[in-house]
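Here are some exercises to work through with the structure open beside you. Try each task before you read its solution.

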Amino acid sequence: MFNLILFGPPGSGKGTQSEKLMAKYGLKHLSTGDLLRSEISRQTPLGKEAQNFMDKGLLVPDEVVIGMISSALDDNPDAKGFLFDGFPRTSDQAKALDKLLKLKEAPIAAMLALEVSEEELIKRLLKRGETSGRSDDDNENVIRARIVEYRDKTAVVADYYKQFDKVVMVKGEGTVDEIFERLCTEIDKRA
Ligand code: B4P
């Protein structure tokens, strides 16, 4: 089993690149953002709880997100590997993921970390907010809150994987295809 984490701040291109990577490598894409938005659109109890956090640009509580990922792993016993997008976002999520993958004897092969300037992130997210209907994208204050959450709680997740020598920094600015090429070069070295 070949498992990858696509990492980076909000708007760094995780969702965009994941679409292309799963098509090329046949990995099962697990995006906690997508899973949460699906719960919200179905107005499930979990979705209603998550919406309160997401509308403010805050991370959803760990236990909610970890439970969702645990079920998604169980639901895909035949996957040849997983592409984790937007997860883990805290140290506790990273530790929980390690435990879940240990049970499957399928560790993380690499964390690919997209590097994008804050100015570019805000520009991209405001642009997506014009058309996406995502309430967390159309307000600059909410976008800034998401970036603060990233700095305070998520950036340390890269330190966690650095101790296992799993982190690969990838320049996340340029065209979508240029960034995709950079990611593929790094993945192919490890596949
Ligand atoms: P996510 O759905 O993960 O979304 P994201 O971080 O905003 O964006 P992503 O990085 O995937 O966006 P992309 O670049 O594709 O999270 C949303 C919220 O869910 C979080 O704030 C949090 O509340 C909650 N959540 C999710 N996971 C969680 C977890 N594990 N724990 C707790 N809470 C969690 O796209 C951005 C835009 O840039 C797009 O419009 C795209 O077209 C554009 N773009 C992409 N690449 C580009 C390029 N090269 N050049 C120009 N534009 C580009």
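**Before you start**

Met169 is found in strand β5 (residues 167-171); strands (E, at least two residues) and helices (H or I, at least four) are DSSP runs, numbered from the N terminus. The model is a predicted one, in which local features need pLDDT of at least 70 and side-chain atom pairs count only at pLDDT 80 or more, while totals for chains, interfaces and linings use all residues. Residues are numbered from 1 along each chain as its sequence is written, and side-chain values use heavy atoms, with hydrogens and water left out.

**Exercise 1. A methionine in a strand**

Task: Find out whether Met169 is buried, partly exposed or exposed, and which residues Met169 is in contact with beyond its neighbours within four places in sequence.

Solution:
- Step 1. Recall the cut-offs: buried means under 20% relative accessible area, exposed over 50%, and partly exposed in between (1.4 Å probe, protein chains only).
- Step 2. Met169 has a relative accessible area of 45%, so Met169 is partly exposed.
- Step 3. Contact means heavy atoms within 4.5 Å. Once neighbours within four places in sequence are set aside, Met169 touches Ala113 and Glu115.
- Step 4. Now look at Met111: its C-alpha atom is separated from that of Met169 by 8.4 Å, with their places 58 residues apart along the chain.

**Exercise 2. Two helices that cross**

Task: Describe how helix α1 and helix α8 cross, and work out which residues meet there.

Solution:
- Step 1. Locate the helices: α1 covers residues 14-25 and α8 covers residues 176-190.
- Step 2. Their axes come within 10 Å and cross at roughly 50 degrees. Axes here are lines fitted to C-alpha atoms, for helices over the stretch in contact, and angles run from 0 to 180 degrees between N-to-C directions.
- Step 3. That angle makes α1 oblique to α8. The classes are roughly parallel under 35 degrees, roughly antiparallel over 145, roughly perpendicular from 65 to 115, and oblique for the rest.
- Step 4. The crossing of α1 with α8 is right-handed. A crossing is right-handed if the near helix is turned clockwise from the far one by less than a right angle, and left-handed if anticlockwise.
- Step 5. From α1 come Thr16, Gln17, Lys20, Leu21, Lys24 and Tyr25, and these meet Val176, Asp177, Ile179, Phe180, Leu183, Cys184, Ile187 and Asp188 of α8.
- Step 6. Sorted by type, the residues of this contact are eight nonpolar, two polar and four charged. Nonpolar covers Ala, Val, Leu, Ile, Met, Phe, Trp, Tyr, Cys and Pro, charged covers Asp, Glu, Lys and Arg, and the others, Gly among them, are polar.

**Exercise 3. Zoom in on a tyrosine**

Task: Is Tyr25 buried or exposed, and which residues is Tyr25 in contact with, leaving aside its neighbours within four places in sequence?

Solution:
- Step 1. Tyr25 lies in helix α1.
- Step 2. Its relative accessible area is 12%, so Tyr25 is buried.
- Step 3. Apart from neighbours within four places in sequence, the contacts of Tyr25 are Lys80, Cys184, Ile187 and Asp188.
- Step 4. Tyr25 and Ile187 are 162 residues apart in sequence, and their C-alpha atoms are 9.5 Å apart in space.

**Exercise 4. Another helix pair**

Task: Classify the packing of helix α4 (residues 62-75) and helix α5 (residues 91-103).

Solution:
- Step 1. The axes are 10 Å apart, at an angle of about 25 degrees.
- Step 2. That makes α4 roughly parallel to α5.
- Step 3. α4 passes α5 in a right-handed crossing.
- Step 4. Asp62, Val65, Ile66, Ile69, Ser70 and Leu73 of α4 make the contact with Asp92, Gln93, Ala96, Leu97, Leu100 and Leu101 of α5.
- Step 5. Those residues divide into eight nonpolar, two polar and two charged.

**Exercise 5. Backbone surprises**

Task: What is the peptide bond from Phe87 to Pro88, cis or trans, and what is phi of Asp165?

Solution:
- Step 1. Start from the background: most residues other than glycine have a negative phi, and most peptide bonds are trans.
- Step 2. The bond from Phe87 to Pro88 is cis, with omega near 0 degrees. Pro88 sits in the loop between β3 (82-85) and α5.
- Step 3. Asp165 is not a glycine, yet has a positive phi of about 60 degrees. Asp165 belongs to the loop between α7 (140-162) and β5.
- Step 4. With a relative accessible area of 71%, Asp165 is exposed.
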